[in-house]
Amino acid sequence: FDATVTQDSSAPDGFSKSYKVTPDATDTPTGSGNAMFRMKIEGQDCQDLAYGSSSAKQVTVSFYAKSASQNNGQQYTFQLRHFATDGTMRSINAPFTITSSFQRFTFTFEGDTAVDIINTSALGMELDWQLASGPDDIASQHTSWTTTNLFTCVTGQSNFLDSTSNEFYVTGVQLELGSVATPFEHRSFGDELERCRRYLQ
């Protein structure tokens, strides 16, 4: 979708920056049109989750987010997807309502005992922040893992693209094992640089 993405100095206590999204044009998605941003994780880095077995583990996702005053109170959808060895795509989601002040959102999802995660450097798991969606992809919340090829939003989804004055800020994203959202793990710049070099060399 037509938007500007910047690094912003607005952030909750303990953070110095946030990721900011602002629409450059208004739009009303139709059909299965979606507006989102996402984080992709390699399948080989997800094997400790033991998906596809009776030992599949819970994960907890947490992040801080806020809006502009214009879109205060809008509902968006967080969706977690994973991709199996046989090509199956599975998803689970949850709605969240944003305000003009930073708040921490936390979602715990059960492990998927039915389907594994591909064990290669290919896409294995994906974190999606759905900001707008056409009616074909809006339905009741998927509270358990569901086989679907679609991006899915929860009934009540707002349209982030309804005003160019809307803003979405997010920071402190963390995915971790278990049912507890622990304090955000701040890494040193040196540590982060070494992790990033894999994709630059």
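A salt bridge is taken here as a side-chain nitrogen of Lys or Arg within 4 Å of a carboxyl oxygen of Asp or Glu, and by this rule E192 is bridged to R187, with the closest N and O atoms 3.5 Å apart. The structure is a predicted model, in which local features need pLDDT of at least 70, side-chain atom pairs count only at pLDDT 80 or more, and totals for chains, interfaces and linings use all residues. Residues are numbered from 1 along each chain as its sequence is written, and side-chain values use heavy atoms, with hydrogens and water left out.

The count of salt bridges comes to nine. Accessibility is described in three classes, with buried meaning under 20% relative accessible area, exposed over 50%, and partly exposed in between (1.4 Å probe, protein chains only). In the pair introduced above, E192 is partly exposed at 32% relative accessibility, and R187 is partly exposed with a relative accessible area of 38%.

Further salt bridges lie in helix α1 (residues 189–197), where helices (H or I, at least four residues) and strands (E, at least two) are DSSP runs numbered from the N terminus. R195 is joined to D191 with a closest N to O separation of 3.1 Å; because these residues are four apart in helix α1, about one helical turn separates them. R195 has a relative accessible area of 42% and is partly exposed, as is D191 at 30%. The side chains of R197 and E194 also meet in a salt bridge, at 2.3 Å from N to O, and these two residues of helix α1 are three apart, about one turn of the helix. R197 counts as partly exposed at 33% relative accessibility, and E194 is partly exposed with a relative accessible area of 49%.

A network of salt bridges links R38, R81, E126 and D128. Within this network, E126 belongs to strand β8 and is buried, with a relative accessible area of 0%. Its side chain makes a polar contact with the side chain of R38 at 3.3 Å, a polar contact being a pair of N or O atoms within 3.5 Å, of which, within protein, one must be able to donate a hydrogen and the other to accept it, while residues adjacent in sequence count only if both atoms are side-chain atoms. With neighbours within four places in sequence left aside, the contacts of E126 (heavy atoms within 4.5 Å) include R38, K40, R81 and F151.

In soluble globular proteins, nonpolar side chains tend to be buried together. A nonpolar core is a set of buried Ala, Val, Leu, Ile, Met, Phe, Trp, Tyr and Cys residues joined through side-chain atoms within 4.5 Å; the largest such core has 33 residues, of which F63, F78, L80, F96, F109, W129 and F168 touch the most other members. Elements giving two or more residues to this core include β3 (34–42), β4 (59–67), β7 (103–109), β8 (123–133) and β12 (168–177), and the largest share, five residues, comes from β8. Beyond its neighbours within four places in sequence, F109 is in contact with residues including V59, F78, L80 and I92.

An open sheet of five strands runs in the order β1-β2-β12-β4-β7 with antiparallel pairing, two strands being paired if DSSP finds at least two bridges between them. The edge strands, β1 (3–8) and β7, each pair on one side only. Strand β1 pairs with β2 (residues 18–23) in the antiparallel sense over six bridges, and the bridge partner of V5 in β2 is V21.
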